[in-house]
Every structure is written in C-alpha cells, then in structure tokens.
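Please look over the sequence and the model shown here before reading on, and keep both at hand while you follow the report.

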Amino acid sequence: MVERYVLSIDQGTNSTRCILFDHHGRLVSVAQREHQQHFPRPGWVEHDAVEIWRNLQRVVPEALSTAGVAAEEVAAIGVANQRETTVLWDRRTGAPLRRAIVWQDTRTASLVDGLRQQPGDEFFLERCGLAPSTYFSALRIRWMFDEVDGLKERAGAGEVLFGTMESWLIWNLTGGTEGGLHITDPTNASRTMLMNIRTLAWDEELLAFFGVPRAMLPGIRSSAEHYGDARSVLPGIGITAALGDQQAALFGQTCFSPGEAKCTYGTGSFLLLNTGTDLVRSRHGLLSTVAYKIGDQPQAYALEGSIAVTGSLVQWFRDRLGLISSAAEIETLARTVEDNGGCYIVPAFSGLFAPRWRSDARGVIVGLTSYITRGHLARAVLEATGWQTREVVDAMNADSSVALRELKVDGGMTADNLLMQFVADVLDVPVVRPLVAETVSLGAAYAAGLAAGFWPDLEVLRRNWHRAAQWLPDMDPEDRELEYENWQRAVERSLGWVRPPRPT
C-alpha cells in the first residue's frame with residue numbers, strides 16, 4: 001500500500017511554509033521562505049502578495065523533494081494564513097492593486113476613533129462580535145477606497161477582488177484569471193468586521209455601513225470541505241481546508257471541547273479558548289470569533305486574546321538594536337542576570353491589543369538606571385510576553401465560568417525554556433507543549449485530512465497529541481503580584497502617546 005500524506009501551507013506574517021504530515025500527525029518534511037517586511041511610514045506594515053505567491057510555488061516542490069514524495073501521494077491540501085492582512089487585486093490581470101496591508105498596520109487609527117464615537121462599539125459587537133480596531137480588514141478596504149479614485153466603483157462592477165491571504169493563494173492555486181476559486185472560510189471572514197457572527201454570511205448592514213460592494217467579496221465556505229482541485233503547483237490535488245492561523249493552531253492542539261485553550265507564541269501571540277457552540281460575548285476586552293466549522297456541522301466559537309507584539313519584539317531586539325545576532329541568543333543573554341533589574345518593556349509598537357485595545361499607546365522602556373545591562377533588557381523582553389499573557393488569561397477567567405487550569409502552547413517562542421517557565425510562573429498553572437510544535441500547520445492538515453477522509457474523526461486526532469514538555473509554576477505568590485503591579489504601572493505610561501492631529 002502506498003503511503004499517503006497531507007500537505008499543509010502555512011502562510012504567516014514572516015514566511016510561507018509547506019509541511020507534509022503522515023497519518024500519525026508526524027512532520028515528514030518542511031520547506032520555508034521568508035518574505036520582505038515593508039515599513040513605508042511609522043505604523044505602516046505591508047507585504048508583497050506576488051512575492052508570497054512565488055514563495056509558495058517554490059516551497060511546495062521543495063517539501064516534496066526533501067521527503068521523496070510524489071505529487072500523487074498527497075491526499076489533500078490545507079491552508080492556514082495570517083489573518084486580517086488585506087489584499088485587493090484585479091480580477092482580469094491577477095495583479096494586486098498595491099502591497100497587502102498587514103494585520104499589524106495602524107494607518108486606520110483615525111477611522112477607528114470615529115467609529116467608536118459614532119455609531120459606537122455596540123453596533124459592531126452585535127453584528128460581527130468585534131469592536132472597531134486597526135486590526136480588522138474592513139477598515140483597510142475603506143481606507144483604500146478613500147485613497148484611490150474610482151476603486152470603489154471598480155469593486156462594485158466586479159473588477160476588483162478582496163481577500164485575506166488564503167483567498168489570494170487559493171485563487172491562484174485553482175487557476176487565477178482562468179477561473180480561480182474566490183473563497184474564504186468563517187474563521188477568516190469573522191475577522192473582517194463584515195460577516196455576521198451568527199449566520200456566517202456577509203452582513204448587509206455592515207456592508208452598507210463600510211461601503212463594501214458584495215461583488216468584491218469571496219464566497220464563505222466551511223473550514224473543512226472539498227473546495228476544488230489545484231490547477232497549478234499540485235495539479236489535480238484537492239484543496240479541502242482553510243483556517244486562519246490561530247484557529248488552525250487551536251485545531252492542531254486538539255482543543256475540540258469547550259474550556260480547552262491554547263496560546264501560540266509567534267510574531268504576536270494569540271490565546272484562544274473553545275466555547276463550543278455558544279457565542280460568548282466578552283466583557284473584558286476579548287474577541288468573540290469563529291473557532292472552526294467542519295463540513296455541515298454547527299460552527300464552534302472561541303474567545304480570543306490577541307497580543308500584537310511578542311516574537312517581533314525579539315526580532316526588534318536583534319535587527320533594530322543589534323544586541324543579539326540570532327533569536328535563540330536572547331535566552332542565553334537573559335540568563336546572565338537573576339532578574340530584570342527593575343526594568344520593564346511595554347512593546348506597544350502597534351498600540352495595545354487585548355484586553356486594552358488602545359491604538360494611542362506606544363512602546364516604552366521604564367525603570368532604566370545605570371545598573372541595567374543588555375542581560376536585563378533581554379530579560380525584560382521575554383517577561384513582556386509573560387505579562388501580556390497574564391493580562392489576557394485574567395480577562396479570559398473573568399469571562400469564562402471555569403478558570404484556566406492548564407495552557408497548551410506552541411509556536412517558535414516555546415523553544416525558549418526561560419520564557420515558558422516565566423509564563424507558568426506568572427499564570428500559576430502548568431504550561432504544556434506538544435510533540436509537534438508546528439500546530440498551525442498541523443491544524444490545517446487535520447482539517448484537510450478530515451474533509452478528504454484521510455482521518456475518520458476528531459478522536460483519532462486527539463490520540464495523535466503527545467506531550468513533549470511541561471513547565472510547572474515556581475514563583476513566590478507575593479513576588480508574582482508585586483511584579484505584576486509593576487508591569488501594569490509600566491503599561492499606564494505607554495498610554496496616550498499618540499495624540500489627535502492638530503486642526504488645520
């Protein structure tokens with residue numbers, strides 16, 4: 001019998017990866033290519049969608065070649081993607097109209113301020129589960145319409161298509177200008193501020209409010225079903241899943257039951273709690289979002305705490321300050337000191353996301369004295385991720401009827417043992433990492449394999465999950481609360497930094 005595999009495409013903020021998984025959920029091979037980050041102005045973050053598509057065309061053959069796997073041995077393709085990043089492209093030529101605007105971008109802050117005053121948060125929370133923020137896609141579309149004459153009219157005529165990255169890649173994979181599928185799934189559509197969170201359909205009131213023509217929007221399909229076959233890269237292979245990267249990680253961590261939670265530590269960090277078929281409205285700064293929808297089954301929902309800057313703070317420490325030469329060095333440097341020396345870093349590079357949602361915040365370093373060394377700064381960088389996680393977990397515990405008892409973690413930063421121990425210490429719960437740390441890719445593979453019949457049900461996927469590492473809390477409770485109080489004082493100093501422009 002010929003061995004078969006599921007191929008996962010993980011299109012992330014910094015790179016595009018292709019990973020092959022076998023029937024036991026084991027990683028067989030991986031290929032990865034980074035793409036350029038463009039920062040044309042302060043607060044602006046952009047990607048070249050064509051560069052990302054070309055990278056995908058390279059990493060898929062590389063992953064197959066490394067494993068010695070032929071295309072016909074691939075049972076299905078699943079796609080996970082950076083969410084909210086917005087691409088507009090010409091239906092006829094297939095060319096993007098401009099660089100993609102990334103989820104971290106804050107250029108729409110002035111629009112957000114206006115929406116929060118009129119019509120107010122409740123109008124949006126009731127319909128899409130999201131309060132206005134620079135984070136979401138609808139405001140980027142609105143911004144582009146305001147910037148480019150005639151663009152809205154072209155979109156209304158069906159000449160311009162909108163999508164997040166999975167829509168862009170699937171459209172190209174399935175033929176592009178020659179009949180490519182223009183689709184998305186509810187996990188990505190729920191991050192646009194345009195989809196009704198209950199019906200999983202584009203909401204007429206929201207479309208009218210933002211002035212977004214329905215003709216430019218992708219069709220909303222389940223997260224796991226047969227969409228169609230690829231016509232390029234892997235011709236004839238079925239594309240059977242699409243999920244936003246954080247929902248894919250929840251799926252890959254097999255958090256299928258209400259009350260199960262995971263946190264993915266990457267460029268940013270994202271903590272999701274499965275709430276089952278119940279749509280829970282947060283009162284403490286979290287997002288209500290679609291966790292996944294498998295075929296014709298009822299959708300599952302989640303509460304999400306989104307942290308904008310965690311791994312990217314380490315990158316800044318490396319690339320902008322030059323204090324380390326590789327990301328892995330930060331743990332070694334941080335271990336040269338016993339504590340942070342009284343220094344705290346609040347990385348509000350794109351404002352603050354959950355649970356505060358303050359676009360007027362900017363990054364600060366507080367507590368600097370002549371005693372502070374590179375080691376103390378390195379430790380403060382890592383601790384910033386721990387304290388931001390604590391703020392989100394506190395909000396989640398306040399919204400949920402059951403307090404978090406264990407946190408499943410994944411993503412590149414989980415290789416840092418000092419950081420993971422600190423997270424366990426500040427949360428006062430065990431932190432557990434699975435054997436397969438690439439849970440975003442695994443989740444997309446699991447959903448694709450379910451839709452293709454490669455795996456029969458969720459219980460088989462649960463049995464594939466194995467613990468690789470665990471960190472138990474070991475911090476004096478008084479020290480924990482004192483340090484947390486210091487952190488919150490530091491955050492207060494980051495607020496109100498961006499002021500409204502002076503009237504002209």
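The report below takes up a pair of packed helices, then the enclosed cavities, and then one open pocket of this predicted model.

## How two helices pack

Two packed helices are described by the angle between their axes and by the distance between those axes. In this model, helix 10, which covers residues 311-319, and helix 12, which covers residues 374-399, have axes that come within 8 Å and cross at roughly 160°. An angle over 145 degrees counts as roughly antiparallel, and helix 10 and helix 12 are therefore roughly antiparallel to each other. The crossing in which helix 10 passes helix 12 is right-handed.

Which residues make the contact between the two helices? On the side of helix 10 they are L313, V314 and F317, while helix 12 contributes R374, L377, A378, V381 and A384. Sorted by class, the residues of this contact are seven nonpolar and one charged, with no polar residue among them.

## The enclosed cavities

How many cavities of 30 Å³ or more does the count give? The count comes to two, and the largest cavity has a volume of about 100 Å³. This largest cavity is lined by 15 residues, of which I307, L352, F353, A354 and Q388 are the closest to its centre. Helix 12, already met in the helix pair, is one of the elements that give two or more residues to this lining, together with strand 16 (300-307) and helix 16 (477-492). By class, the lining of the largest cavity holds ten nonpolar, three polar and two charged residues.

The second largest cavity has a volume of about 30 Å³, and its lining is made by F162, T164, S167, T184, N188, A189, T192, W202 and P218. Four of these lining residues are nonpolar and five are polar, and none of them is charged.

## The second largest pocket

Turning from cavities to pockets, the second largest pocket holds about 440 Å³ of space. There are 23 residues that line this pocket, and A109, S110, D113, S359 and D360 are the closest to its centre. What classes of residue make up the lining of this pocket? The lining of the second largest pocket divides into nine nonpolar, seven polar and seven charged residues.

Definitions and conventions. Residues numbered from 1 in each chain as written. Predicted model: local features only at pLDDT ≥ 70, side-chain atom pairs only at ≥ 80, totals over all residues. Heavy atoms only, no water. 1 Å grid on protein atoms, 1.4 Å probe; cavity = no way out; pocket = protein on both sides within 12 Å on 5 of 7 lines; lining within 4 Å. Points joined across faces, edges and corners; volume = space filled by probe spheres on them. Nonpolar A, V, L, I, M, F, W, Y, C, P; charged D, E, K, R; others polar. Axes fitted to C-alpha atoms, helices over the stretch in contact; angles between N-to-C directions. Helix = DSSP H or I, 4+ residues; strand = E, 2+ residues; numbered from the N terminus. Parallel < 35°, antiparallel > 145°, perpendicular 65-115°, else oblique. Left-handed = near helix turned anticlockwise from the far one by under 90°. Contact = heavy atoms within 4.5 Å.
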